[in-house]
Amino acid sequence: MQTDERLLELIGDTGYVLEIEDFRHVLLDALGVAVPSDWVAINELGPGPEMIMEIIKPPISPEALAVFVRYAEQNPLMEHYLRTRDGRARRISDLISSEELHSRELYTEFYGPLGLEFQMVFSLPGEPDRVLAVILSRRHQDFTDDERDLVETARPFLIQAYRNALLYSEAVVAAPAPSRPRLEALRALGLTQRQAEVLQLIAIGAGERDIAEQLGISRRTVNKHLELCYRALGIDRRARAAAIAWSTVDGARPPERPLLRSTARSADL
């Protein structure tokens, strides 16, 4: 996959998500595709010093995580961020040599036993007292300049998507249930009942995990229904599918279907 294509997919896959819980998981999944890694993780701090959210894919045992917490301040990327508050994408190799990394207890007690040799980190600032750090880790190959630049180019869009998810989730707490496109209107687009149910949930910002739970199906089945939706609608992006779904509300005319894949992508942005 070319760099421009990976960038568009990363931005498109994260930009449509409304709920903050869904955004965290979609972000990790999208980054795992755009920048393949052995581990993809987020650490979200705030609001308040005691509020910490951690997600790691694939999971690491609680015992191993306890070792990491013990030596976390030896991570050169953390040292750099605490010193500069600069959230741009950085690799460990940008800051110290592998020999110096190997001399630290963080490596001998945690990274080394896992086989972890290379890491890249960037952060998404949210509210004044809230930040989401993204950690990409590998065993065998360092992150390239192109991969670092891809993440850095996507970062402003990811920051906005993160802030949008925070604002939406805060508003939803005190708001009534959101309106949504009617299933019969979606069926009129040529979708099956199940495809219409999946598209209805996509339109209100649900991620695959929540869709699977609400409909009682697997995430793999959700993705299959999405593929069939895209084929029926002549598109290839979630944001475009959501736009078509909302265009059916109050009898609005659906937007014209794109003739070219690149046209659908440009519409998403």
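**Exercise 1.** In this predicted model, classify Glu21 as buried, partly exposed or exposed, then do likewise for its salt-bridge partner.

*Solution.* Glu21 has a relative accessible area of 44%. Buried requires under 20%, and exposed requires over 50%. Glu21 is therefore partly exposed. Its partner is Arg209, with N to O at 3.3 Å. Glu21 sits in helix α2 (residues 20-34) and Arg209 in helix α11 (residues 208-215), 188 residues apart. Arg209 comes out at 18%, so it is buried.

**Exercise 2.** Which side chain meets Arg130 in a salt bridge, and is Arg130 buried or exposed?

*Solution.* The partner is Glu44, at 3.2 Å, N to O. Arg130 lies in the loop between β4 (118-125) and β5 (131-138), while Glu44 belongs to strand β1 (residues 39-45). The two are 86 residues apart. Arg130 has 14% relative accessibility, so it counts as buried. Glu44, at 1%, is buried too.

**Exercise 3.** Find the salt-bridge partner of Asp145 and the network that contains the pair.

*Solution.* Start with the closest N and O atoms: Asp145 and Arg91 are 2.9 Å apart there. Next, place them. Asp145 is in helix α8 and Arg91 in strand β3 (residues 90-91), so the bridge ties together parts 54 residues apart in sequence. Asp145 is partly exposed at 42%; Arg91 is buried at 7%. Finally, follow shared partners: Arg91, Asp94, Asp145, Arg148 and Asp149 form one network.

**Exercise 4.** Which residues have the most contacts inside the largest nonpolar core, and which helix gives the most to this core?

*Solution.* The core has 59 residues, and Phe23, Leu124 and Leu199 have the most contacts inside it. Helix α8 (residues 145-174) gives the most, with nine residues.

Key. Residues are numbered from 1 along each chain as its sequence is written. This is a predicted model: local features need pLDDT of at least 70, side-chain atom pairs count only at pLDDT 80 or more; totals for chains, interfaces and linings use all residues. Side-chain values use heavy atoms; hydrogens and water are left out. A nonpolar core is a set of buried Ala, Val, Leu, Ile, Met, Phe, Trp, Tyr and Cys residues joined through side-chain atoms within 4.5 Å. Buried means under 20% relative accessible area, exposed over 50%, partly exposed in between (1.4 Å probe, protein chains only). Helices (H or I, at least four residues) and strands (E, at least two) are DSSP runs, numbered from the N terminus. A salt bridge is a side-chain nitrogen of Lys or Arg within 4 Å of a carboxyl oxygen of Asp or Glu.
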